[in-house]
Amino acid sequence: MRELGASNRLKPHLAVVDFVLFNQGNHARFPTSFDAEDNLNSEVLGHALTEIGFLVDAYWSGKFLLIDGSLLKNRNAIAHGDKIPIDQPTYEELHRLVVDLLDYAQTCIENAAVEESYVRK
């Protein structure tokens, strides 16, 4: 399990999940935190979505350029002390992006709950 902590690949993690699901008589301990690899970007977000069982569909991949090229670019500049001006239209676009991403994530989670897609058949 500790070796998997350093891996970004899905396949070894799925093998552990299968092991746990089909060996219910044994007890396992899992970490309670998720390593966001320092800064969340589209690649890290894609890995995180896959890790929790969501597909990186056209919606997500369609937002990746905005996430990396606008939201993170501005966030990183500000976080590193650059005094960059953010005009009202840019702020509103980024605000709308974040709210839309959160809304879509909520919809994905609600759909998974209703459809019980997390249940192994």
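When I say contact today, I mean heavy atoms within 4.5 Å. With that in hand: among contacts in the chain between residues at least 6 apart in sequence, 55% join residues at least 24 apart.

Some housekeeping. What you see is a predicted model, where local features need pLDDT of at least 70 and side-chain atom pairs count only at pLDDT 80 or more, while totals for chains, interfaces and linings use all residues. Residues are numbered from 1 along each chain as its sequence is written, and side-chain values use heavy atoms, with hydrogens and water left out.

So, the overall layout. We have four helices and zero strands, running α-α-α-α from the N terminus on. Helices here are DSSP runs of H or I with at least four residues, strands are runs of E with at least two, and numbering goes from the N terminus. Of the 121 residues, 20% count as buried; buried is under 20% relative accessible area, exposed is over 50%, and partly exposed is in between, with a 1.4 Å probe and protein chains only.

Let's go to H3, residues 58-79. Which residues of H3 are buried? They are Trp60, Lys63, Phe64, Ile67, Ser70, Leu72, Asn74 and Ala77, and they pack against helix H2 (42-51) and H4. At isoleucine 67, one of those buried residues, H3 bends by about 45°. That bend is the angle between axes fitted to the seven residues ending there and the seven starting there. What about the span of H3? Its 22 residues should cover 32 Å, at 1.5 Å a residue, and the end C-alpha atoms are 30 Å apart, which agrees. The expected span, by the way, is 1.5 Å times one less than the number of residues.

Stay with asparagine 74 for a second. It counts as buried because its relative accessibility is 15%. Leaving aside neighbours within four places in sequence, asparagine 74 is in contact with Ile84, Ile86, Thr90 and Leu94.

Ile84 and Ile86 turn up again on the outside: together with Ile78 and Tyr91 they make a nonpolar surface patch of about 340 Å². Tyrosine 91 sits in helix H4, residues 88-115, and is partly exposed because its relative accessibility is 46%.

Last stop, glutamate 116, in the segment after H4. Its phi is near 50°, a positive value in a residue other than glycine. Buried or partly exposed? Glutamate 116 counts as partly exposed, at 42% relative accessibility.One footnote on that patch: patches take residues with over 30% relative accessible area and no salt bridge, joining like charges within 9 Å and nonpolar side chains (Val, Leu, Ile, Met, Phe, Trp, Tyr) within 5 Å. A salt bridge puts a Lys or Arg side-chain nitrogen within 4 Å of an Asp or Glu carboxyl oxygen. Areas are Shrake-Rupley with a 1.4 Å probe, and for residues only the protein chains shown count as cover.
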